[in-house]
Amino acid sequence: IKQSVSTFEEALTALRWCDKMCTLTAVQGHCVKNISFLKVAVIQHTFVHVLPVPKSPDSKDYDSCVWNQPVVYGRQLDVLFLCQRLIEHFTASVLSLKNNRPLDAVRIIIPACITAIADAMMRKEATDDPSELCQHLMGKRGGTRYGLSTGMLAPQTETIEVHTPELNIARTAVLDYFTYQKERKYIQIMKWEDSHTNKWGNELNWLAGLCKEWAFPEAGHPKYLCGGLIIKNWPELACYRDIAFYFKYFLNTDPVAFPPSGRNYVQAQAQLRWGLSPKGFVVISTLIPPKFPMFCRPRPGIPFGHRFETFADPSKLTGHTVNTEDDVLHIKNLPGFPVTETRKIKDEKGNWKETKVPRVVIGQKDSELLMSYLTVPYMRVPLVISFFATEDRIHALRSKELRNLLDSVMFEPGAYLPMGLNQEPKFVPTVKSELLATPYGLLINEIHRSPDAVLQSVHKLLELALDLDTGTFKSSTVDIILYVVRLCCRVENYVDFMIQLETKTHECIRTPLRDVKVT
């Protein structure tokens, strides 16, 4: 697989090799270890590092986009078939792994990238024999243009921990691509996130136009999306349908919707079977016996929130509603983030005995300061990292709760800033909270706008952590040292990425980022 692609043929070749590597790895599970990790890694590398996310028509780089080049119908089908097979490989592999916060970012963003590529290919008019199905999707045979909704992608990705900057770039590129369709009021199809029963919607109107043109009976009947002559004659529909479904499926926050992890699922088990019920589509896979029904929305009564809630929410940390600094000032007892320590004390007989006792790691004054910092998400990165970069407060990182809090502050992207909305707030506090969002995440925003405050605090934190080294792994400061070193390496990864991007030495990404200039 090439490090980067610049033409459509190179992109198609990269997809072919990725598919071959996944298949070759999957069939050797008897002698190759960790095949699920290997397959997820190669698919992530291909769709995040090698293949660019398609550009929307309003992008200044649209003309040079590899997915905007002329293509014949056969090549168009090749891309869609490969994307369908690869999302099946990805689904089988990622569901075999135990999910966690960093992996959840991969589970959400990679299907979104595959969906964007598939959608871009469905909106191409082949130079030799254009697909009537694609022409109806684009509005060229009826005037109505249809587009995919991104569902809960933007709010879901606000609180995921992204340790790889390229994932943040891919997330924004996907949202930019689909925002173009939303702003131009394309009729949204395949909105299976709106119903627990995969209820059909505007996609039937899309198919009805094709049915009427080709004199199919019962024009617009949902059975045509499940199989039959339309999918037989226009196979791109099945690819597009399955890819879009998996994109929405991984945004479902209901844990019951996913099969148990820890099993070595294979590609064949991730193939979808479609049927009808009185309330909607029945989507079945064979991920576990018996057949496993799949839905894109949580069960009734379960909110469509986040799979992993942020650890940096002051309201949840304090147990009170906290929106501003004033709310913090009125809370009598703030969290002290206790840790359990082992101490030797004398019992009634005078014998020494080890006892575990709780001990708070920060006082009320420091807790008030920290909670106040968390009420300003746009500015919290330099504030919180400098809070811990002192000789007394670094010891507070013995608390796992505070380590999780710092990770959330540093690596959660936060709210997404759409294209064309990079305006300065006119009032403080602003009445338009969307203006305090960022295009590529809070950490990248800090690194390219005011890097000194963050990087000096990170460097100071590393120096303080190394001073805690007592020369033995049994020391109580080992957890702090290991955590800080890992944190610094992840921040360095972001810094290296920004430098490579500015100097145009990044091995994959060549196009400049919007509203980003490294100083």
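## A small sheet of strands

Strand β3, which covers residues 273-277, pairs with β4 in the antiparallel sense, and 5 bridges hold this pairing in the predicted model. The two strands are joined by a hairpin that passes through 2 residues, and one of the pairs can be named: Arg-273 has Ile-284 as its bridge partner in β4. On a further pairing, β4 is joined by 2 bridges to strand β5, made of residues 292-293, and these two strands also run antiparallel. Here Ser-285 is the residue that stands opposite Phe-292 in β5.

Taken together, 3 strands form an open sheet with the order β3-β4-β5 and antiparallel pairing. The edges of this sheet are β3 and β5, each of which pairs on one side only. As background, the strands of a sheet pair through backbone hydrogen bonds, and the pairing may be either parallel or antiparallel. How far is strand β4 enclosed by the rest of the structure? Of the 6 residues in β4 (residues 280-285), 5 are buried, so this strand is largely enclosed by the rest of the structure.

## The largest nonpolar core

The largest nonpolar core holds 156 residues, and those that touch the most other members are Leu-51, Trp-67, Trp-206, Tyr-249, Leu-370, Phe-388 and Met-410. Helix α4, which spans residues 101-122, gives the most to this core, with 15 residues. In soluble globular proteins, nonpolar side chains tend to be buried together.

Leu-370 can serve as an example of how one core residue is surrounded. Which residues is Leu-370 in contact with, once its neighbours within four places in sequence are left aside? The contacts of Leu-370 are then with Phe-337, Ile-362, Val-384, Phe-387, Phe-388, Leu-402 and Leu-405. Among these, Phe-388 is also one of the residues that touch the most other members of the core.

## The largest pocket

Rolling a probe the size of a water molecule over the atoms shows where empty space is left. The largest pocket has a volume of about 1,100 Å³. It is lined by 36 residues, of which Thr-375, Val-376, Pro-377, Tyr-378 and Leu-436 are the closest to its centre. The elements that give two or more residues to this lining are α14 (364-374) and α15 (380-388), and α14 gives the most, with 3 residues. When the residues of the lining of the largest pocket are divided by character, 19 are nonpolar, 11 are polar and 6 are charged.

## The second largest pocket

The second largest pocket has a volume of about 760 Å³. Its lining consists of 36 residues, and the closest to the centre are Pro-52, Val-53, Lys-55, Asp-61 and Thr-511. Two or more residues of this lining come from each of the elements α2 (35-50) and α7 (165-183), with the largest share, 7 residues, coming from α7. The lining of the second largest pocket divides into 20 nonpolar, 8 polar and 8 charged residues.

## Single residues in loops and segments

Gly-305 lies in the loop that runs between β5 and α12 (314-318). Is Gly-305 buried, partly exposed or exposed? Its relative accessibility is 24%, and therefore Gly-305 counts as partly exposed. When residues up to four places away in sequence are not counted, Gly-305 touches Gln-156 and Thr-253. Gly-305 and Met-152 are 153 residues apart in sequence, while their C-alpha atoms are 8.9 Å apart in space.

Two other residues have a backbone angle that deserves a careful look. Met-190, found in the loop between β2 (187-189) and α8 (203-213), has a phi near 55°, which is a positive value in a residue other than glycine. Because its relative accessibility is 0%, Met-190 counts as buried. Asp-515, in the segment after α19 (478-502), likewise has a positive phi, of about 60°, although Asp-515 is not a glycine. With a relative accessibility of 34%, however, Asp-515 counts as partly exposed.

Conventions
Residues are numbered from 1 along each chain as its sequence is written. This is a predicted model: local features need pLDDT of at least 70, side-chain atom pairs count only at pLDDT 80 or more; totals for chains, interfaces and linings use all residues. Side-chain values use heavy atoms; hydrogens and water are left out. A nonpolar core is a set of buried Ala, Val, Leu, Ile, Met, Phe, Trp, Tyr and Cys residues joined through side-chain atoms within 4.5 Å. Buried means under 20% relative accessible area, exposed over 50%, partly exposed in between (1.4 Å probe, protein chains only). Helices (H or I, at least four residues) and strands (E, at least two) are DSSP runs, numbered from the N terminus. Contact means heavy atoms within 4.5 Å. Two strands pair if DSSP finds at least two bridges between them. On a 1 Å grid over the protein atoms alone, a cavity is a set of points where a 1.4 Å probe fits but cannot get out, and a pocket is an open set with protein on both sides within 12 Å along at least five of seven lines; lining residues have an atom within 4 Å of a point. Grid points are joined across faces, edges and corners, and a volume is the space filled by probe spheres set on the points. Ala, Val, Leu, Ile, Met, Phe, Trp, Tyr, Cys and Pro count as nonpolar, Asp, Glu, Lys and Arg as charged, and the others, Gly among them, as polar.
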